[in-house]
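Reader: I'm new to this one. Could you walk me through a few of the labels people put on it?

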Amino acid sequence: MIQGLVPRYATRISVALQYSVIPPELEALEQESAMPEAPEMEVVKDFLAQNLMGQEVTEARVLKPSVLRSLQGDVRTDIVGRAFIESTRRGKFLILSLSGDRAIVINPKLTGGLQFCPSKQRILKRTCILLALSGGFHLRYTDDRQMGVFYYVSHDQLGDVPGLDEQGPDVLDNIDLEEFQSRLKGFHGEIKGILTRGKVLSGIGNAYADEILFDAKVYPFKRRKQLSSDELRRIHHSARRIIVDATSVVRERMNGQLDHKLRDFLAVHNKGGPDCPDCGNKISQITANRRITSYCRRCQPGMLIKN
């Protein structure tokens, strides 16, 4: 067994191979960018809670204004002198509270990330916002495609951050099966799309929806009303377990590099072509709505029906 990895993933470290039908431009985007999901965001949150709290902002630079949404005036002047006091997470949103009733909310989306680094470290071209800290470090928001958003608000304005209040219970909250089934009742679409919306369970994106459904042996395009009670039970069980296991791997391997999105250990996501780790059949990979879906047709049988 590879040292430092939980048993489920210890035998699944491999070079990600691409299925030949994936368009090159989408394949490149999937390789270069991966939306941070609960495992990455949980580790980032905890790292900042240990290393950022108590540090004051001594300078703020906005290098790419397109990612900034400030509801509290000019962040370059308003944030100076404020200290970080709490690091929390709501789904795929990171919330950094500061003294004097201020908060930074980061929705990194597909290409955003953070760096916590010495002030002398070279500033990357993809750096959008830079906060110099009293301890001699920088907190930098990076986003090469400027898809994510960096909000600067007061605490009573958190509800004005789009999507933040719509997040359901976190996938790590360990909600019971009855609540999970109850929250699903308002949805009628394909189960993968429901999981990634964040309203039933928050923190799950494209990659880990594939992993959860593969572990549960459920066809990703099956509609919610078609799911059996046993399939619902398996999805509920797999959701938290997969995220807990993945968080352990990410925590072990991230090593303070907050903008690294580690996915090479996943079982099926973005690995179309190689053998399924459970049955040996080839992993299938298709694109729908510009998203890659990877699954095993033998382990997760089903029929794709166009509306």
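Author: Sure, and let's start with a definition: Ala, Val, Leu, Ile, Met, Phe, Trp, Tyr, Cys and Pro count as nonpolar, Asp, Glu, Lys and Arg as charged, and the others as polar. Bear in mind that this is a predicted model.

Reader: How do the residues lining the second largest pocket divide under that scheme?

Author: Four are nonpolar, three polar and three charged. That lining has 10 residues, and Glu190, Phe221, Ala288, Asn289 and Arg291 lie nearest the pocket's centre. Two or more residues each come from helix 6 (191-197), strand 10 (283-288) and strand 11 (291-296). The pocket's volume is about 190 Å³.

Reader: Why is Ser229 called exposed?

Author: Exposed means over 50% relative accessible area. Ser229 has 57%, so the label fits. You'll find Ser229 in helix 8 (residues 229-254). Ser229 also sits 9.1 Å from Gln181, C-alpha to C-alpha, although 48 residues separate the two in sequence.

Reader: How do you know that Arg140 has no salt bridge?

Author: A salt bridge needs a side-chain nitrogen of Lys or Arg within 4 Å of a carboxyl oxygen of Asp or Glu. For Arg140, the nearest side chain of opposite charge is Asp259, 9.1 Å away, so there is no salt bridge. Arg140 is buried, too, and lies in strand 8 (residues 137-143).

Reader: What makes the pairing of Arg140 and His138 a polar contact?

Author: The cut-off for a pair of N or O atoms is 3.5 Å. The side chains of Arg140 and His138 are joined at 3.0 Å, so the pair counts as a polar contact.

Terms used:
Residues are numbered from 1 along each chain as its sequence is written. This is a predicted model: local features need pLDDT of at least 70, side-chain atom pairs count only at pLDDT 80 or more; totals for chains, interfaces and linings use all residues. Side-chain values use heavy atoms; hydrogens and water are left out. On a 1 Å grid over the protein atoms alone, a cavity is a set of points where a 1.4 Å probe fits but cannot get out, and a pocket is an open set with protein on both sides within 12 Å along at least five of seven lines; lining residues have an atom within 4 Å of a point. Grid points are joined across faces, edges and corners, and a volume is the space filled by probe spheres set on the points. Helices (H or I, at least four residues) and strands (E, at least two) are DSSP runs, numbered from the N terminus. Buried means under 20% relative accessible area, exposed over 50%, partly exposed in between (1.4 Å probe, protein chains only). Lys and Arg count as positive and Asp and Glu as negative; His and the chain ends are not counted. A polar contact is a pair of N or O atoms within 3.5 Å; within protein, one must be able to donate a hydrogen and the other to accept it, and residues adjacent in sequence count only if both atoms are side-chain atoms.
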